[in-house]
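Open the model in your viewer and keep the selection tool at hand. We will go stop by stop.

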Amino acid sequence: MTTPLLTDITIFVLALLVGFEVISKVPATLHTPLMSAANSIHGIILVGAMLIAASANNALGYVLAFIAAAFAAMNVVGGYVVTGRMLKMFRRRPTPVPAGPDGQVSPDGQARQVTSGGASS
C-alpha cells in the first residue's frame, strides 16, 4: 500500500465519521431544508457529467455521461420540489368566508345578504 493511497483512505474515513456526527446532530425540523439545499448542490455533478461527455471518445463514455447527467438533473429538480412542498406547509391558509343566512356565498367570496321580498318604506 502506497503512502498517497493510505492518506486518501484516512481522509475518506475521517470525512465519513465527521459527516455522520454532523448529520446525526441535526434536528428533524431542519433535516428537510438541509437536504433540499444539499440536493441543489448536485448541479456540480451535472457540470462534471457535461465534462465527461465533452471528453468522451467512445459509446461507453457517452452512456456514462448521459446516466450521470440524468441522475444529477433528477436530484436537482427533486431538491427544489421538496423545498417547494416544505414551504407550502408554512403558508397561511385563506380564512373561510362565512355563508350568508341563506347558506350561499357570492362569486366574489362575500356572503350574500338575503333581503325580504317586501318593499322598504
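**Stop 1: helix H4.** Select Gly61, Ala65, Ala72, Val76, Gly79 and Met86: these are the buried residues of H4. Now widen the selection to residues 59-89, the whole of helix H4. The helix has 31 residues. From its first C-alpha to its last, H4 reaches 45 Å, close to the 45 Å expected at 1.5 Å a residue.

**Stop 2: the whole chain.** Zoom out. This is a predicted model. Colour by secondary structure and you will find four helices and zero strands. Follow the sequence and the pattern reads α-α-α-α. The protein has 121 residues, and 10% of them count as buried. Turn on the surface. Its accessible area comes to about 10,000 Å². Carbon and sulfur atoms own 70% of that surface.

**Stop 3: confidence.** Colour by pLDDT. The mean for the protein is 77. Of its residues, 73% reach 70 or more. Which element has the lowest mean pLDDT? Select residues 28-40: helix H2 has the lowest mean, at 68. Helix H1 has the highest, at 88. Where pLDDT is low, the predicted coordinates should not be read in detail.

**Stop 4: Ala49.** Select residues 43-55, which make up helix H3, and pick out Ala49 inside it. Is Ala49 buried or exposed? Ala49 is buried, because its relative accessible area is 3%, and the cut-off for buried is under 20%. Now show what touches Ala49. Leaving aside neighbours within four places in sequence, the contacts are Ala65, Ala68 and Ala69. Ala65 is also one of the buried residues of H4. Next, draw a distance from Ala49 to Leu64. They sit 15 residues apart along the chain, and their C-alpha atoms are separated by 8.1 Å.

**Stop 5: Ile52.** Stay in helix H3 and move to Ile52. This residue is partly exposed, with a relative accessible area of 40%. Which residues does Ile52 contact, leaving aside its neighbours within four places in sequence? Gly61 and Ala65. Both appear among the buried residues of H4. Ala65 is in contact with Ala49 as well. Now draw a line from Ile52 to Ala69. The two are 17 residues apart in sequence and 9.7 Å apart in space, C-alpha to C-alpha.

**Stop 6: contacts across the chain.** Step back once more. Consider the contacts in the protein with a separation of 6 or more. Residues 24 or more positions apart account for 40% of them.

**Stop 7: the nonpolar patch.** Select Met1, Leu5, Leu6, Ile9, Phe12, Val13, Leu14, Leu16 and Leu17. Together they form a nonpolar patch on the surface. Their combined accessible area is about 920 Å². Take Leu16 as an example. Leu16 is found in helix H1, residues 3-24. Leu16 is partly exposed, with a relative accessible area of 49%.

**Stop 8: the salt bridge.** How many salt bridges does a search of the whole structure find? One. Select Glu21 and Lys25 to see this salt bridge. Their closest N and O atoms are 3.7 Å apart. That distance counts because a salt bridge needs the nitrogen within 4 Å of the carboxyl oxygen. Check the surface at each partner. Glu21 counts as partly exposed, at 41% relative accessibility. Lys25 is exposed, with a relative accessible area of 63%.

How values were computed:
Residues are numbered from 1 along each chain as its sequence is written. This is a predicted model: local features need pLDDT of at least 70, side-chain atom pairs count only at pLDDT 80 or more; totals for chains, interfaces and linings use all residues. Side-chain values use heavy atoms; hydrogens and water are left out. A salt bridge is a side-chain nitrogen of Lys or Arg within 4 Å of a carboxyl oxygen of Asp or Glu. Buried means under 20% relative accessible area, exposed over 50%, partly exposed in between (1.4 Å probe, protein chains only). Patches are made of residues with over 30% relative accessible area and no salt bridge: like charges are joined within 9 Å, nonpolar side chains (Val, Leu, Ile, Met, Phe, Trp, Tyr) within 5 Å. Accessible areas come from the Shrake-Rupley method with a 1.4 Å probe; for residues, only the protein chains shown count as cover. Helices (H or I, at least four residues) and strands (E, at least two) are DSSP runs, numbered from the N terminus. Contact means heavy atoms within 4.5 Å. The expected span of a helix is 1.5 Å times one less than its number of residues. pLDDT is the predictor's confidence in each residue, from 0 to 100.
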